[in-house]
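Here is a short report for a reader new to this protein. Please look at the sequence and the structure first, then read on.

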Amino acid sequence: MKKPYRVEFSTVGVQPESVYIEQAIVNAAAGIPEIAFAPAHEVPLAIVGGGPSALLALDELKSWPGHIWGINQGASWLASQGVTAPVWMFTVDPDDVFLQWLDGVERAILGASCHPKLFEALKEKDVRMFHTRP
């Protein structure tokens, strides 16, 4: 029998691996609350990326009965559109470019590899961290 073909993926970050690791070390030492396991619940979650379909779903998102994760600058965009459900900024990007997209962001779930300036800018907000590297 012929062995099935398997695609091998190799990921490459926008920064060298050392940047991800160094920023994770700094952020872990800062005492930022980490995401913890929680029991299953019935709160619905919408995940909103940056594609044009988000605009098509805007009315539904404005009346969303649960939480929304806005990927990267999506959280700021949702806030500017009048979405009142709890919106969480979600990113793992290590670049400090996200400092320009924080208007209206009140909550964030950030990878430990995110730039420390992002954590600093959101220090008065509800921020949780998770590890993206061992």
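The sections below cover the overall build, the sheet, the aromatic rings, one loop residue and the pockets.

## Overall build

This is a predicted model. The protein holds five helices and five strands. Read from the N terminus, its elements follow the order α-β-α-α-β-α-β-β-α-β.

The C-alpha trace spans about 50 × 45 × 30 Å along its principal axes. The protein has 134 residues, and 31% of them are buried.

## The sheet

Five strands form an open sheet. Their order is β1-β2-β3-β4-β5, and the pairing is parallel. The edge strands are β1 (45-48) and β5, each of which pairs on one side only. On average, neighbouring strands of this sheet are turned by 20 degrees against each other, with direction ignored.

How many bridges join β4 to β5? Strand β4 (residues 107-111) and β5 run parallel, and five bridges join them. One residue pair can be named here: R107 has D126 in β5 as its bridge partner.

## Aromatic rings

A pair of aromatic rings is described by two values, the distance of the centres and the angle of the planes. The count of aromatic pairs in this model comes to three. F90 and F130 form one such pair: their ring centres are 5.4 Å apart and their planes stand at 15 degrees. Planes under 30 degrees apart count as stacked, so the pair of F90 and F130 is stacked.

Where do these two residues sit? F90 lies in strand β3 (residues 87-91), while F130 lies in strand β5 (residues 126-130). The pair therefore ties together parts that are 40 residues apart in sequence. Ring pairs also link W69, F90 and F130 into a cluster.

## A loop residue with positive phi

Most residues other than glycine have a negative phi. N72 is not a glycine, yet its phi is positive, at about 50 degrees. N72 is found in the loop between β2 (67-71) and α4 (74-80).

Is N72 buried, exposed or partly exposed? Its relative accessibility is 24%. Buried means under 20% and exposed means over 50%, so N72 counts as partly exposed.

## The largest pocket

The largest pocket contains about 350 Å³ of space. Its lining is made up of I35, A36, A38, H41, V43, P44, L45, H67, W69, W88, I109 and R128. W69, one of these lining residues, also belongs to the ring cluster.

What kinds of residues line the largest pocket? Nine are nonpolar, two are polar and one is charged.

## The second largest pocket

The second largest pocket has a volume of about 170 Å³. It is lined by V26, N27, A30, I32, P33, P116, F119, E120, K123, K125 and V127. Two elements, α1 (17-29) and α5 (116-121), give two or more residues each to this lining.

Which element gives the most to the lining of the second largest pocket? It is α5, with three residues. By kind, the lining of the second largest pocket divides into seven nonpolar residues, one polar residue and three charged residues.

How values were computed: Residues are numbered from 1 along each chain as its sequence is written. This is a predicted model: local features need pLDDT of at least 70, side-chain atom pairs count only at pLDDT 80 or more; totals for chains, interfaces and linings use all residues. Side-chain values use heavy atoms; hydrogens and water are left out. On a 1 Å grid over the protein atoms alone, a cavity is a set of points where a 1.4 Å probe fits but cannot get out, and a pocket is an open set with protein on both sides within 12 Å along at least five of seven lines; lining residues have an atom within 4 Å of a point. Grid points are joined across faces, edges and corners, and a volume is the space filled by probe spheres set on the points. Ala, Val, Leu, Ile, Met, Phe, Trp, Tyr, Cys and Pro count as nonpolar, Asp, Glu, Lys and Arg as charged, and the others, Gly among them, as polar. Helices (H or I, at least four residues) and strands (E, at least two) are DSSP runs, numbered from the N terminus. Rings of Phe, Tyr and Trp (its six-membered ring) pair if their centres lie within 6.5 Å; planes under 30 degrees apart count as stacked, over 60 as edge-to-face and the rest as tilted. Buried means under 20% relative accessible area, exposed over 50%, partly exposed in between (1.4 Å probe, protein chains only). Two strands pair if DSSP finds at least two bridges between them. Axes are lines fitted to C-alpha atoms, for helices over the stretch in contact, and angles run from 0 to 180 degrees between N-to-C directions.
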